[in-house]
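Student: I should like to learn how a pocket and a salt bridge are read from a model. Where should one begin?

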Amino acid sequence: MKRQITGLHAADRCAADQVPDGVFLVQVQRVRFQRQAQKPYYTLALSILEPSRFAGRVLSSRLYCSPKALWKLNWFLRDFGYDTEQLERDEVDEKQLVGLRGVVKISHIVFNSASLLRLDGFAPADRWEQLSPA
């Protein structure tokens, strides 16, 4: 029996187009708060600035806002240069996040049969030269 599977011939190219695990200089392109019962989160779209061979590609991931995960959101906001006064008041203004720059370390994981992009670490944009891959 023959079956036609649309896109099968291009599967190798899609894998090659995937951004590899590593460290990237990025700029926040879009932020959206998602209210989920137990685990509210921010969906982030981060545009890659460096390394130049990946420039313009967009990374999409989540930062959770549950009590156990607030440390990671705080780390992201601090290192990307979010307004410290608002941070001290526990306020996050999505509009002020757009355009912020920083360094992000990513990895790909498989969870419940889905490939996800995980944000493993952050650093201020001025540390890019020290952290960039050689």
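Tutor: Let us begin with the pocket, whose lining residues are those with an atom within 4 Å of a point of the pocket. The model shown here is predicted.

Student: How many residues line the largest pocket, and which lie nearest its centre?

Tutor: The lining of the largest pocket consists of 19 residues. Nearest the centre are Arg62, Tyr64, Ile109, Leu116 and Arg118. The space in this pocket is about 620 Å³.

Student: Which helices and strands each supply at least two residues of that lining?

Tutor: They are strand E3 (58-64), helix H2 (70-79), strand E4 (101-111) and strand E5 (114-124). E3 gives the largest share, five residues.

Student: How many residues of the lining are nonpolar, polar and charged?

Tutor: Ten are nonpolar, four are polar and five are charged.

Student: How is a salt bridge recognised, and how many does the structure hold?

Tutor: One looks for a side-chain nitrogen of Lys or Arg within 4 Å of a carboxyl oxygen of Asp or Glu. The structure holds two such pairs. In one of them, arginine 118 is joined to aspartate 120, with the closest N and O atoms 2.8 Å apart. In the other, arginine 89 pairs with glutamate 91, and the closest N and O atoms are 3.2 Å apart.

Student: What are the relative accessible areas of arginine 118 and aspartate 120?

Tutor: Arginine 118 has 38% and aspartate 120 has 27%. Partly exposed lies between under 20% and over 50%, so arginine 118 is partly exposed, and so is aspartate 120. Arginine 89, at 47%, is partly exposed, as is glutamate 91, at 34%.

Note on methods:
Residues numbered from 1 in each chain as written. Predicted model: local features only at pLDDT ≥ 70, side-chain atom pairs only at ≥ 80, totals over all residues. Heavy atoms only, no water. Buried < 20%, exposed > 50% of the residue type's maximum accessible area, 1.4 Å probe, protein only. 1 Å grid on protein atoms, 1.4 Å probe; cavity = no way out; pocket = protein on both sides within 12 Å on 5 of 7 lines; lining within 4 Å. Points joined across faces, edges and corners; volume = space filled by probe spheres on them. Helix = DSSP H or I, 4+ residues; strand = E, 2+ residues; numbered from the N terminus. Nonpolar A, V, L, I, M, F, W, Y, C, P; charged D, E, K, R; others polar.
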